[in-house]
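User: Could you take a close look at one part of this model for me, namely the places where its pieces touch? I'd like to know which elements do the touching and what kinds of residues they bring.

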Amino acid sequence: MKIRHLLASALLLVGFQALPAQAQEKLYVYTSMKESLIGQLKTAFAAKHPEVKLDYQSAGAGKLMAKIAAERESGKILADVLWTSEVPDFYQLQEQGVLQPYVPKEIKALVNPLPDYDGTFTAVRLGTLGIAYNTRLIKTAPKTWADVQGAAFKGAYGIANPALSGTAYMSVSLLVRQFGWGYMEALRANGAKMGKGSGQVVDDTASGDLLGSLAVDYITLDKVDKGATLALVYPPEMLVIPSPITIFKGSPNAEAAKKFVDFVLSKEGQTIIAEEGTLPVRSDVQVPDRYPLPPVADAMKRAIPVDYKSMMAEKEATIKKFTDIMQK
Amino acid sequence: MTGSFRFGTPQILFGLAVAILVIFVAVPVLLIFFNALWVNGSLNIADMVKVLSERETYKALINSLILASGVTVTGTIVGTFFAWLVTRTDLPYKGAMKVLFLVPFMLPSFIGALAWKMLLSPRSGYINRFFIETLGFPGPIFDIYTYQGIILVETMYLFPFVFIQVCGALERMDPTLEESARISGADLFTITRKITIPLVAPSILSGALLIMLYSMAHFGTVAMLGIEAGIYNIPTLIYERIHQSAGSFAAIRTGTVLSTVLVIAAALIIWLQNRVLSKGRYQIIAGKSFRPTEIRLRGLRLPLLAFCIAYIGFTIVLPTTTIFLVGGLKTYGLPIAVENMTFDNYHHILFEWDLTRDAIWNSIGLGLAAALITMFAGVIISYVIVKMKVPGKGLLEFLGMLPFSVPGSVIALGVILAWSGKYGINIYNTIWIILVAYIARYMAFALKANSAALEQVHDSLVEAARASGATMWQALRDIVIPLVRPGMVAAFFLIFLPALRELTVSVLLYGPTTRTIGVAIYTLNEDGETVYAAAMAGVALIIIVTAEVVVKRVFKIEK
């Protein structure tokens, strides 16, 4: 008897898992945005579009691209929408013809940092990276990118693995373009480490395992809000990295995908993004004053210029060279 | 029955048994070997050697070996010592101590690893911080991200393998052997050296080999503590390759080659273990004439009791408490103090966050489904193996036990090869692919439990039923199944409980909505969401311990 009960309940359980959500549109978003950002957007999106059941996979850009590649191999891409900060990936996917162009409804209200814009992918936020340091252990704030090469950060400065994290890859690439490989070699000589994901290096800085790290704005500021002994500073040459969003061609949920793209670019979506501590792409949305983020125009002026096309070609070589230096 | 090829119940049973084993077990494992050895349709050993001679792969092999040997040595020493202490000495409260030493078996070692990371990571671990900040030490007292750290953590959670075996042997040992030595004038030291140790040696060795088998194929601890410091073993390297190389064939091939090595090593260990056991078994036949003399610890009684309590406090209480406390921190890195605590993390993962809620239901659903399916399949297959006189059942037995020696990462890889569309069925990214892998992984448990139960059902019972006119099916339903029900229930729990906390297999197979509890904790930690990882681990501990306790209750009632 008991076994029969167990059987029934187990089948019910498994059955529920397999049942499609009742009369709903589905949507899979693969994104490198962390829970603090994508979780809030999901909640707000669900309130506005209850007819869409949104699921997301939040992981580093490198992992997501690996997953997408494996899914393409097996014939079916599960993701409908891709949203990461690894811009070259988007140009590459565009070249391979797997993206569905969609010009968002409110395009006129948006700042576009991407050259040759044709609606294939649209920047949703301008990610910035600065130096996060643990205020419990470091008393003098670093001011320039060279400051983390000094004795204060010896053996305890971290950069996320560019093979895993899109922002880390873009940053390494930009810093090398600006300061040359000598910059990375000097960091390594000072004992800098390559960590795992972009979230992990910030967490390690908050805990004190690292004294400082190359850190993404909202990941750091979210922890500061929760009371972490962290501070984020921006050296004069800024790292400003757009995070584009795109829809996969042939997505069975293209309509829901368009709703999501429009939502994250709407004033409501952009306000959530700004509240979380990262730069919005709408000029009618302001970042709260408590954050050390410069205004969009200022950030763009200070930004190290980006050449996406050449980045795409150099990607593998850059990652390999960086890894070799860091693991020497 | 023999001779006539009527298509009756026995044929259906036999066919079903073969089909289940071939589809779920044989195909995935064979595909691993096939992909490892064949390149573009021809046998290519040279290429396999080439993969193995790459720096990263052979380093992973060596690391697996170093870690497994280290854990085996320390785990055996710890396990044997405590087993001796609770069975052969007059240690106070030794009954309770024996139960407590088995608790680490309940705790998933990757949760232990997470806790020890929080306690002993060089700059921020709470223990290290205490020594540096409060006691003024110049540097950390212990760095967990090292070989020693990994060995230490694995030892804490794997020593029960030896402990259980040695306890059993010491309790079953024929005390007259020791008594006759004593009567002949041998002192305690001589008795221990010449009688006791040789008698329990096979049990020690067999427990040690179990530790080695487990540790070599172990993913969680090495993934949590090793990857950061560049320490990879075979399962973590397989994971890294599969996840980072875009699922390319080169990555899968490296995985299959590494898997082959792992399978061969595991087979070797199992073979050794069988030899040891068959050699040692006749020597420890139970003869419960009277209890063996207890060694008087005298002045050491209390110090040793204190040591045992300290050990349990250090390896069980401290890490579990840390998990729950860090899970309640507002953000990682804050000191553990009332003003920094919150229930938000627990609330978020239990009621708001789909990722963690999905993970909990997935693990429970997968555990129940895998346990039920495997339990029924196990009865059928065991019946064929134990009761039916059909040719080729030896092969069935081999197939059924195969996953026992095949490490989890290998099964996962085999399942990817078999079920991701190449052969018509594509369940990649769905919950079903994990279920299929679990069925393969846990089949051996079901076979063991069911075979043991079936062997006790005498053939004459079925024959009597058949003679009275029952069909084969009726005889099975009315005679055999009721009699083997305890075996089936045992099989159910033997599978449900480990499946609940499984990580090695599901970490290679999970998709966006198909995380398991283990995967959720692991990926949260990897993403730098340490407090959420800890809170999730706390919830997992509650679920696991509740399941264990409930299960033990139910199980007793069934008996």
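**Where chain A touches its neighbour and itself**

Analyst: Let's start with the contact between chains, bearing in mind that this is a predicted model. Here 40 residues of chain A are in contact with 36 residues of chain B. On the chain A side, the elements giving two or more residues are α1 (2-18), α2, β2 (52-58), α3 and α7 (198-207) of chain A. Of these, α3(A) has the largest share, with 8 residues. As for chemistry, the side of chain A that touches chain B is made up of 16 nonpolar, 13 polar and 11 charged residues.

Now for the contact inside chain A. The domain assignment splits chain A into domain 1, covering 23-126 + 241-294, and domain 2, covering 127-239 + 304-326. Their C-alpha centres sit 24 Å apart. Across the boundary, 28 residues of domain 1 of chain A are in contact with 26 residues of domain 2 of chain A. On the domain 1 side, at least two residues each come from α2 (35-48), α3 (61-73), α4 (87-95), β5 (121-134) and β10 (239-248) of chain A. It's α4(A) that gives the most to this side, with 4 residues. Sorted by class, the side of domain 1 of chain A that touches domain 2 of chain A has 13 nonpolar, 10 polar and 5 charged residues.

Put the two lists together and a couple of names come back: α2 and α3 of chain A give residues to the side that touches chain B, and α2 and α3 of chain A also supply residues to the side of domain 1 that touches domain 2.

Technical notes: Residues are numbered from 1 along each chain as its sequence is written. Chains are lettered from A and ligands numbered from 1 in the order in which they are written. This is a predicted model: local features need pLDDT of at least 70, side-chain atom pairs count only at pLDDT 80 or more; totals for chains, interfaces and linings use all residues. Domain bounds come from an automatic or database domain assignment. Two residues are in contact if their C-beta atoms, placed from the backbone, lie within 7 Å. Ala, Val, Leu, Ile, Met, Phe, Trp, Tyr, Cys and Pro count as nonpolar, Asp, Glu, Lys and Arg as charged, and the others, Gly among them, as polar.
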